[in-house]
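Subject: Structure handover

Hello,

Here is the structure I promised to pass on. Please open it alongside this message.

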Amino acid sequence: LVEGAVHSMNEAAFLAWFHRRRPDVIVGVTANVVRWLRAAGWRVPADVGFANLSLHPGDTEQAGADEHLDLMGAAALDLVAGQLMHDELGMPACPRHVLLDASWRDGATLRRRVA
């Protein structure tokens, strides 16, 4: 949603936006969107598709980006363990960052692409 912050949007505000814009697909970060649409009588993905940019590991229904949160946690643990092994305490002078690529997961909230 470009028009409002997703994290602060409630069901009524979302549905008002949806009825005004009638998008073919919604890209977002909250699974509530699918629940709200279905409760309002819309069929996902037949009427509108949804792609979640922040899939949770146990979410097997939605299509979207798997951020590999389990691997991210393991990488963070490795980073902290390495700092402790080298007696690196406190805030580092030059912080390190770990970046993991997300991967796409197909799911039932988007229609299959026709070749």
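Below is what I found, taken by topic.

One caution before the details: this is a predicted model.

**The strands**

Start with strand β2, residues 49-55. Five of its seven residues are buried, so the rest of the structure largely encloses this strand. It has a strand partner on record at β1 and another at β3.

Take β1 first, residues 25-28. β1 and β2 run parallel and share four bridges. To fix the register, use V27: its bridge partner in β2 is A51.

Then β3, residues 63-66. This strand is also parallel to β2, with three bridges between them. Two positions set the register here. N52 sits opposite G64 of β3. L55 sits opposite D66 of β3.

β3 pairs with β4 as well, residues 103-105. Here the sense is antiparallel, again over three bridges. D66 faces S103 of β4. So much for the strand pairing.

**Helix α2 and the crossover**

How does the chain get from β1 to β2, and with which hand? Helix α2, residues 32-39, joins β1 and β2 in a right-handed β-α-β unit.

Which residues of α2 are buried? They are V33, V34, W36 and L37. These four span an arc of only 165 degrees around the axis, so they lie on the same side of α2. Among the elements that cover them are α1, β1 and β2.

Just after α2 comes G41. Its phi is positive, near 95 degrees.

**The nonpolar core**

The largest nonpolar core has 14 residues. The members that touch the most others are F14, F18, I26, V33, L37 and V48. Helix α1, residues 11-21, gives at least two residues to this core, and α2 also gives at least two. The general background is familiar: in soluble globular proteins, nonpolar side chains tend to be buried together.

**The aromatic cluster**

There are four aromatic pairs in the count. One of them is F14 with F18. That pair is stacked, at 6.2 Å centre to centre and with 25 degrees between the planes. Both residues belong to helix α1 and lie four residues apart, about one turn of the helix. Both are buried.

F14 also pairs with W36. This pair is tilted: the centres are 5.6 Å apart and the planes make 45 degrees. F14 is in helix α1 and W36 is in helix α2, so the pair ties together parts 22 residues apart in sequence.

How accessible are the two rings' residues? F14 has a relative accessibility of 1% and so counts as buried. W36, with a relative accessible area of 8%, is buried too.

Step back and look at the group. Ring pairs link F14, W17, F18, W36 and W42 into a cluster.

**Backbone points to check by eye**

Three places in the loops deserve a look.

- The peptide bond between V44 and P45 is cis, with omega about 15 degrees. P45 is in the loop between α2 and β2.
- R22 is not a glycine, yet its phi is positive, about 45 degrees. The residue lies in the loop between α1 and β1. Its relative accessibility is 49%, so it counts as partly exposed.
- D87 is not a glycine either, and its phi is also positive, about 50 degrees. It is in the loop between α3, residues 69-85, and β4. With a relative accessible area of 66%, D87 is exposed.

**In short**

β2 pairs in parallel with β1 and with β3. β3 pairs in the antiparallel sense with β4. Helix α2 forms the right-handed unit with β1 and β2. The F14 and W36 pair ties α1 to α2.

Best wishes

Key: Residues are numbered from 1 along each chain as its sequence is written. This is a predicted model: local features need pLDDT of at least 70, side-chain atom pairs count only at pLDDT 80 or more; totals for chains, interfaces and linings use all residues. Side-chain values use heavy atoms; hydrogens and water are left out. Buried means under 20% relative accessible area, exposed over 50%, partly exposed in between (1.4 Å probe, protein chains only). Two strands pair if DSSP finds at least two bridges between them. A crossover is right-handed if, with the strands pointing away from the viewer, the path from the first strand over the helix to the second runs clockwise. A nonpolar core is a set of buried Ala, Val, Leu, Ile, Met, Phe, Trp, Tyr and Cys residues joined through side-chain atoms within 4.5 Å. The arc is that of the directions from the helix axis to the C-beta atoms. Contact means heavy atoms within 4.5 Å. Rings of Phe, Tyr and Trp (its six-membered ring) pair if their centres lie within 6.5 Å; planes under 30 degrees apart count as stacked, over 60 as edge-to-face and the rest as tilted.
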